[in-house]
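The following note sets out some points for a colleague who is beginning to read this structure. Please keep the sequence and the model in view while going through them.

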Amino acid sequence: TLEAVAGEKGVDLAVVPPLSAYKGAQGIELGLAGAHQVENAALAVRLAAVWEASHGRKVVGKVETSMERSQRVLERLELPKEYVAGLERVRWPGRAEIFDDEEAAGLTFFVDGAHTPESIGACATW
């Protein structure tokens, strides 16, 4: 099992909750297209919170430290407004982009730099 291998290697293993489990996630419009991006967003939330927990510091002039913010995410499953803003504003040029050709009415380009069988399959859904 993954748990056994992680134990043998001496590494942490975390099961990431779905994005919908977080308070504040309802109504988020992710900046990246594709249903699979909901899973990626949940991973990004977890990674950001773990990073903040391990590199946290008090920022002058801020009410909440990054350590406190990461605890809200990891322990109480609350999404801070900064995380929500990041999830909504993220852009990745060349991934799941849609362009309408202004000169040719009705012509739309779907652009994606998919490079694995999984990512190519995901392109077919958006």
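1. The model is predicted, and this note begins with a pair of helices. The crossing of α2 and α3 is left-handed. Helix α2 covers residues 36-55, and α3 covers residues 66-76. The two helices pack at an angle of about 140 degrees, and their axes lie 8 Å apart. Angles over 145 degrees would count as roughly antiparallel, so α2 is described as oblique to α3.

2. Which residues form the contact between these two helices? From α2 come V45, R46, A49, V50, E52 and A53. They meet S66, M67, R69, S70, V73 and L74 of α3. By character, the residues of this contact comprise seven nonpolar, two polar and three charged. The student may wish to locate each of these residues in the model before proceeding.

3. The next topic is charge pairing. Side chains of opposite charge can pair when their charged atoms come close. The structure contains six salt bridges. In one of them, E52 pairs with R69, and the closest N and O atoms are 2.4 Å apart. This pair links distant parts of the chain, since E52 belongs to helix α2 and R69 to helix α3, with their positions 17 residues apart in the numbering. Are E52 and R69 buried or exposed? Both residues are buried.

4. A further residue to examine is E78, which is placed in the loop between α3 and α4. The side chain of E78 meets that of R72 in a salt bridge with an N to O distance of 3.7 Å. E78 also meets the side chain of R76 in a salt bridge, here at 3.4 Å from N to O. R72 has a relative accessible area of 18%, and it is therefore classed as buried, the limit being under 20%. R76, at 41%, is partly exposed. Elsewhere, salt bridges that share partners join E52, R69, K81 and E82 into one network.

5. The surroundings of E78 may be described in the same manner. Apart from neighbours within four places in sequence, E78 is in contact with Y22, K23, R72 and V73. By contrast, a distance of 20 Å separates the C-alpha atoms of E78 and G31, which are 47 residues apart along the chain.

6. L77 deserves a separate remark on backbone geometry. Although L77 is not a glycine, its phi is positive, at about 55 degrees. L77 is found in the loop between α3 and α4, the latter spanning residues 81-89. With a relative accessible area of 26%, L77 is partly exposed.

7. Two residues of helix α2 may be set side by side. Q37 is found in this helix, and its relative accessibility of 11% means that Q37 counts as buried. Not counting residues up to four places away in sequence, Q37 touches L30 and L32. A48 is also found in α2, but at 30% relative accessibility A48 counts as partly exposed. The C-alpha atoms of A48 and K23 are 16 Å apart in space, and the two residues are 25 apart in sequence.

8. In helix α4, the reader should consider E88. What is the relative accessible area of E88? The value is 32%, so E88 is partly exposed. Leaving aside neighbours within four places in sequence, E88 is in contact with G27, I28, E29, L30 and G31. T116 lies 28 residues from E88 along the chain, and the C-alpha atoms of the two are separated by 25 Å.

9. The last residue to consider is W126, which is placed in the segment after α5, a helix of residues 117-123. W126 has a relative accessible area of 21% and is therefore partly exposed, a class that begins where buried, under 20%, ends. Its contacts, apart from neighbours within four places in sequence, are G34, A96, E97, I98, F110, V111 and D112. V45 is 81 residues from W126 in sequence, and their C-alpha atoms are 23 Å apart.

Methods: Residues numbered from 1 in each chain as written. Predicted model: local features only at pLDDT ≥ 70, side-chain atom pairs only at ≥ 80, totals over all residues. Heavy atoms only, no water. Helix = DSSP H or I, 4+ residues; strand = E, 2+ residues; numbered from the N terminus. Buried < 20%, exposed > 50% of the residue type's maximum accessible area, 1.4 Å probe, protein only. Contact = heavy atoms within 4.5 Å. Axes fitted to C-alpha atoms, helices over the stretch in contact; angles between N-to-C directions. Parallel < 35°, antiparallel > 145°, perpendicular 65-115°, else oblique. Left-handed = near helix turned anticlockwise from the far one by under 90°. Nonpolar A, V, L, I, M, F, W, Y, C, P; charged D, E, K, R; others polar. Salt bridge = Lys/Arg side-chain N within 4 Å of Asp/Glu carboxyl O.
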